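These are my notebook entries on a two-chain structure. I looked up the chains one by one, then the contact between them, then single residues.

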Amino acid sequence: MAVCVAVIAKENYPLYIKTIPTDNELKFQYTVHTSLDVVEEKISSVGKNTNDLRELYLGLLYPTEDYKVYGYVTNTKVKFVIVVESSNTSLRDNEIRGMFRKLHNGYVDMLCNPFYTPGENITSRLFDNTVLSMMQQD
Amino acid sequence: MSQIDYGQTAEDHQAFLILVRHTGQHLCNRSFNRAWERIRKLNCIAIPGQKRVAWVRYKRTYSKENNEWGDFQAHRKVLGLVSIGQCTNSDQFEELFDNYRKVKEEYASTLFNSRLFVFGMNTDGSPLSDEEKENCNLETGEKSSSGSSRSGKSSPVHSEDSGVTPDLSPTEAGNDCDLTKTDAETDSNVNKPTSAISSRVEQKSAQQQKQSDLKPESESNVEQNDNENVSKSGASNEPPTSQPHSNSTKTESNSSASSEPATSRPHSNSLTKESAGAEVLFSPGLQACIDLEEKVKDFVTSIFFVLEGKRLDRSFERADKMQLLCAPFEKKDYVGLDTDTKSYRKKCQGRLRKHLGDLCLQAGIPGEAILHYQTAIDILRPVNDWLWIGACFEGICSASVIVRFPKSQTPTLRRNFSLQATRGTSMANDTKLRTGSIKTSYSNGYQDQEESPKSALGPDDIVEKYREALVHYSKFKGSGMIEMEACLKACRVLVVQRKYLQASDFLQNVVYINLQTSDEDKINRYCTLSQLYAQIGFRRKAAFFKRIAAMQCVSPQNPQPNWKLCHSLVMQCLDGYNICLDPKDVPTDCVYGWPVLQSRVLNELIFSARRTGNIPVAIRHLGMLLHTLFDILTTEDKRDLINTLQTLTAKSEGTTAPLALDSGVILPPIPLSNIPQVTSFKLIPLPPHLQPIKVASKVVKQDTGPFIFTPLSLGQQEVQSKTHVDFSWVECDMCEVQLQVCNPLPDELSIQQMSLMTDGVEIEAYPTSPTIPAESGPSLVKILSRPRSSGDLCILGYTTHLLGMRSQCRLRDLPELRDLRTTVTVIPALPQITLTASLPKVATFTTVGDGANVVTSGTTSIYAGQSKECMITIRNTSNQPVEKITVSLDCHPDQKEMQSKVFQWSQENLDAQLPLQPSGLVCFTVCIYGYSDFLSSKSSRDGSQSSEHSNPDEYDSKCVESLLRVEYSGGPGLEAGYCRHCAVAFSVDILPSVIFHSWEALPSESPDHCVLAFDVCNVCSQQVEMQYNIDDSFKLEPKQIRRLTIQIEKCKFPDPAPELDVADRLQMTKPPPPTISHYSQHLDGFIHILWSMCGTKSCGKMATEHLTWSQQQLELIKVSDVSWNVSVNDQSCSAYSIPVVCTGKVVNIEILITFRAGVSYTSAGLAVSCGLLTDHTSGHSRDIDLVTVLGSQSYQLTNLRHCILLA
């Protein structure tokens, strides 16, 4: 499934990043970081006509040789980025949407914790498990 | 290997490529660059007699391989050559010309025309005279200072055409933008000769006239100068084709071109100086060569007409004379191929058509070009010539871009825009025009115009066609360069259209194109990508590629790692990672940027700076890493970084000065404000006894305002109270600032130096060097300083010197300390004294009032009534003289009266000893009196007998605590109205000695006297000897009560003090303390009872002022209001002398009553009773009846005056 899942704060700094081959984490950090450019561009192009209800799912941000990067932006401008392997053809758009929905729910649950201050790094074990479940190979 | 031109744009398809070469060794770089600057501005040249313009692209280097692509896309062909050289004599010219000829031969296959500009010769080609040379040298010499720097810059390490160079040094961009085509064009906008165009036609004719005049001269001169080459001069009658610079030769050149298509270009083949003729242009110097521009224009015009001729000729190409145009890598594929097939013929036809399109585009007819391209596609599609179909698509795209987004003039030339637009439309006059308004105007000056030929593609189609072209290109291995350039061109087109997401797709594609190129080329490619990403607003991507480029510079495979370039590239990517060079710019409220990547990039920056050998810069970067990302670093990282810092600072100490990089970037100093972290910063007031106190001035400040009261707070005071602390420091006194510091490092931190940064008043600093244990909580650091003058001292922050780094931490940069009050008023110097009291010090002291300024103390115990002396010594320990000392008692108002009786001193004595010079001494005596009321607590004050025998416990000792406040001042501080307070604390135990048990007044035998009787009780534990009435005395054992009587003269009491008036009473809110009746007070002066203790040899006086006397007793004591003298038979009668009278005789008793002055009675009754004392020896009977009273026995007196005589 996903090889990297990241949650990015409104101010574009990472709240949470998890990669499955952990040895390559830095590479994914770069990937996710640069994908923010596309996310911003996509948000800003929609933001011009305010009447449009923006869809949270942004779709494929950009493909790299080995990976595909998908983006999702909540209404509070918290960004989710999921990186999947290009070779994984079983993942269609619908599956990716499903993953984002799951991630969003997990994030909302985590945010409900009164001891969590928005803007802090996410350390919730429950959220971790949600993410891990998306990353493990079925 | 062909070079990729990373700066190419779609518009370049319409431009002529002209090579400008630096020829020979005699021309310095600087001069060449100046010539180059002048030439490259001429990138848009109006063609006389035509309504078209020629666009020119100048290059200083162009590889032959690239030139070979010229058949594939005509704009890749070098059409013209301009060589610039310098020589002073004919030999040098020879050499120069040889050089020129070589270059010309190299590009001979494509050149249309060429020029050689020679400086340093007269216009006729003769060498300059010495004088002229000097002038020339002077002329160049003036500019040498500015020029040399430029020449240094303009020879970058990289290929001149690289996209890297402008990035490397932003400041140079202005100078070096010639290296990229785009920049050159934007620059050239400034100088686009629109104004020239209008006046062009008139000028032109004159110009041509002039040139034709000039030509024979130069020719003849060349001949004269180079006689040795005469042998070749047979061919000096050059063919007219070599001079296609004037209209007159146009047709000829055309015919020549048509006769030798493709193989032999209509450029001058003359390789001798003589034959070169008009190709060589002489000028004494660059400055003198005013017509350089004109000459270049003519040159370009000549090329244009050659091209135009070729275009027109091609249009009527015959099908039977066909020839296959090839891309360089295709050539070998077509060797030996059957040329007689239909598909081959189709290919030839299609490719020629495509080439024609290219020529149309260059000739300024894009509309026609599109039609040609479309025809070519139609021809080529059946034969699957994909590469050339791709080229056609690209051609269409370029032409459409040129039509749709014609380059507009700079805003200053805006009013000529209509002219330009008309020309633009006339360019495509073969296509129908659609008039429409300008829809959108882009900030970059491009106009999205409706009015464009129908054949031109719409903006979306352009993208689509580019994509198609790329697909076709990608089918071939050898076309990587073309594909990549097409990607970049497409991207640039999209940038103009603001379609950033699509642009990013094209850029992404660039990465996938696999080209085996040199490292340098890769760096250029990444830099170009970065630049384009930056243009589409993808700053993170831009930073990413910039970083990749930097890594490429120093890749392990690279035999010559360029650390300097690497460092400067990493510096450029900081922005994309939100790394601010100035820590003040970093917002503090949230995480800014991506910490993991930031730390990575900063580490790379540090490493590259170290490798370049620029240690101070490396230290600065390291400081920044520690400052901004300290929280995310692991313990291990911290330790490593600190070690690195220490090794670096061992070589070069970290400074606080801003550092400038070669690129002009300024690295501001980074204060290490989180190592150690200061959690609190407190200015400490002076100790209480040294605090300056404003002497309340008698003169009330006159308010100048018209209002008695205003609720408006006037700004100035407000500001002052916000920044000023509420205490002052004193000049020349040690002042202290306390800091709470934490050490966040895993190791012990020893601060080599820590001191204050101040402003306003000069201070003498006493830096501290504390050592803070690892990861310890707040520990206290005191920083001392001594102000050297008075005024407002503003403490800006603190400086530290640790780990070899100096930092200046300003409080305003520290968010938690930003709002502190750090301005303190320093008042002029005040003296400082020490006090010593001769009494033993107090162990415990319950403070009375403000006891904080107590410097010394004294304690003693005395018996009630006893007196003791205490010597107080004042020593001046400062450099200022003490000019004023005031001693006062500081106590509760209720006790004031009582304490002032206990402590007494002589202020006059003290004043007499002033002023006290530095290190001088002053002593004064405080007299302590055991003040007591001498009453037992139970005994009532009215003197009635207390029946019970008192318990000795009741006679408690009384403790009097008091502060003797010494207020002193002197020197400049006194003038400024300040003083200091210090105090001596006294604790005096007053032990009971003797008390009055009871007392009464008895009449004395004499009417003038009365007797006061006191029962005194010894309440101390020793025998007491009482002394009274001068010589009477007795001994009193402890707890013994004895009466002593004192006869005193009746006294006249003074009038009681006047009643307090109403106002005073109102002021006294508290009930007045029990006052001592003035009777007692007065009486006290007459009674002297002394006691002395045999054991302790102490003595004292009993005061009676606290005794209260009843009215009856007072009557006895007082001198009575009425005095009388009784005289019997004129014999005065008193108690001591009783007149003797005989029985039976009339005795005349005269009573003289005297009223005391001031006493008036309205009426008085007087009754006289006469008694008879018959015989004081024998008869003792008293019989009133025996006396007969004559006259009235009682008498009513009214309004008596003085005396009444009574018979």
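Entry 1, chain B. Before counting elements I fixed the terms: helices are DSSP runs of H or I with at least four residues, strands are runs of E with at least two, and both are numbered from the N terminus. On that basis I find 32 helices and 41 strands in chain B. I note that the model is predicted. Chain B has 1207 residues, and 50% of them count as buried. I also looked up its contacts with a separation of 6 or more, and residues 24 or more positions apart account for 75% of these.

Entry 2, chain A. I looked up the second chain in the same way. Chain A holds 3 helices and 5 strands. Read from the N terminus on, its elements follow the order β-β-α-β-β-β-α-α. Of its 138 residues, 49% count as buried. Where contacts in chain A join residues at least 6 apart in sequence, 53% of them link residues at least 24 apart.

Entry 3, the interface. How many residues of each chain are in contact with the other? I count 22 residues of chain A against 23 residues of chain B. The area buried between the two chains is about 2100 Å², and carbon and sulfur atoms give 68% of this area. On the side of chain A, Tyr30(A), His33(A) and Asp37(A) lose the most area to chain B, and together they make up 33% of what that side buries.

Entry 4, polar features of the interface. I find 2 salt bridges across the interface of chain A and chain B. One of them joins the side chains of Glu40(A) and Arg540(B), at 3.3 Å from N to O. For polar contacts, the count between the chains is 8 residue pairs, with both residues at pLDDT 80 or more.

Which elements of chain A give two or more residues to the side that touches chain B? They are β2 (14-19), α1 (25-47) and β3 (57-63) of chain A. The largest share comes from α1(A), with 12 residues. By class, I record 11 nonpolar, 5 polar and 6 charged residues on that side of chain A.

Entry 5, helix α15 of chain B. I checked the length of this helix, residues 386-404. Its 19 residues should span 27 Å at 1.5 Å a residue, and the end C-alpha atoms lie 26 Å apart, which agrees. I then looked up burial: 18 of the 19 residues of α15(B) are buried, so the helix is largely enclosed by the rest of the structure.

Entry 6, Leu641(B). This residue lies in helix α25 of chain B, residues 635-651. Is Leu641(B) buried or exposed? Its relative accessible area is 8%, and because buried means under 20%, Leu641(B) counts as buried. Leaving out residues up to four places away in sequence, I list its contacts as Asn603(B), Leu622(B), Leu625(B), Leu626(B) and Leu633(B). Asn603(B) is 38 residues from Leu641(B) in sequence, while the two C-alpha atoms are 9.4 Å apart in space.

Entry 7, Glu485(B). I place this residue in helix α18 of chain B, residues 480-497. Glu485(B) has a relative accessible area of 1% and is buried. With residues up to four places away in sequence not counted, Glu485(B) touches Gln3(B), Ile4(B), Asp5(B), Gln8(B) and Arg76(B).

Terms used: Residues numbered from 1 in each chain as written. Chains lettered and ligands numbered in written order. Predicted model: local features only at pLDDT ≥ 70, side-chain atom pairs only at ≥ 80, totals over all residues. Heavy atoms only, no water. Contact = heavy atoms within 4.5 Å. Buried area = accessible area lost by both parts, 1.4 Å probe. Polar contact = N/O pair within 3.5 Å; in protein donor to acceptor, adjacent residues only side chain to side chain. Nonpolar A, V, L, I, M, F, W, Y, C, P; charged D, E, K, R; others polar. Expected span 1.5 Å × (residues − 1). Buried < 20%, exposed > 50% of the residue type's maximum accessible area, 1.4 Å probe, protein only.
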